[in-house]
Amino acid sequence: MSSNEEDFWAFHTEFTRRLPNESLLRTTAKPWFIQQLRTIAHIIQATAEQNALAGDDASNNSKPVAQVAAS
């Protein structure tokens with residue numbers, strides 16, 4: 001989110017190299033790219049939260065070994 005244009009475009013280049021966008025680039029405008037960046041960040045965050053919840057559910061549903069042996 002640097003105000004330095006050179007820093008922004010260096011970040012833009014590296015970001016698109018590492019995470020190529022599946023949609024066609026319609027513009028090189030900074031606002032469009034920042035919106036795309038936010039969208040991707042939200043998708044990553046939602047996926048991470050779902051995975052964490054799924055991991056918590058799996059660990060809460062398993063009984064400790066001592067409980068299983070006593071059953």
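How much accessible surface does the protein have, and what share of it belongs to carbon and sulfur atoms? The accessible surface comes to about 6,100 Å². Carbon and sulfur atoms account for 58% of that. Keep in mind that this is a predicted model.

Let me start with the overall layout. The protein has 71 residues, and 8% of them count as buried. The secondary structure is three helices and zero strands. Along the sequence, that reads α-α-α.

Now the aromatic residues. How many aromatic pairs are there? The count is five. I will take one of them, Phe15 with Phe33. A pair of aromatic rings is described by two things, the distance of the centres and the angle of the planes. For Phe15 and Phe33, the ring centres are 5.5 Å apart. The planes meet at 85°. An angle over 60 degrees counts as edge-to-face, so this pair is edge-to-face.

Where do these two rings sit in the chain? Phe15 belongs to helix α1, which covers residues 5-18. Phe33 belongs to helix α2, residues 30-61. The two are 18 residues apart, so the pair links distant parts of the chain. Buried or exposed? Both Phe15 and Phe33 are buried.

The pair also has company. Phe8, Trp9 and Phe11 join Phe15 and Phe33 in one aromatic cluster.

Next, charges. The model has two salt bridges. Glu14 takes part in one with Arg17 and in one with Arg18.

Take Arg17 first. Its side chain meets that of Glu14 at 2.7 Å, N to O. Both residues lie in helix α1, three residues apart. That is about one turn of the helix.

Now Arg18. Here the N to O distance to Glu14 is 2.5 Å. Why are Glu14 and Arg18 separated by about one helical turn? Because they are four residues apart in helix α1. Through shared partners, the salt bridges join Glu14, Arg17 and Arg18 into one network.

How open to the outside are these three? Exposed means a relative accessible area over 50%. Arg17 has 57%, so Arg17 is exposed. Arg18 has 61%, so Arg18 is exposed too. Glu14 has 29%. Partly exposed runs from 20% to 50%, so Glu14 is partly exposed.

To wrap up, two pictures from helix α1. Phe15, in that helix, pairs edge-to-face with Phe33 of helix α2. Glu14, Arg17 and Arg18 form one salt-bridge network.

Conventions. Residues are numbered from 1 along each chain as its sequence is written. This is a predicted model: local features need pLDDT of at least 70, side-chain atom pairs count only at pLDDT 80 or more; totals for chains, interfaces and linings use all residues. Side-chain values use heavy atoms; hydrogens and water are left out. Rings of Phe, Tyr and Trp (its six-membered ring) pair if their centres lie within 6.5 Å; planes under 30 degrees apart count as stacked, over 60 as edge-to-face and the rest as tilted. Buried means under 20% relative accessible area, exposed over 50%, partly exposed in between (1.4 Å probe, protein chains only). Accessible areas come from the Shrake-Rupley method with a 1.4 Å probe; for residues, only the protein chains shown count as cover. A salt bridge is a side-chain nitrogen of Lys or Arg within 4 Å of a carboxyl oxygen of Asp or Glu.
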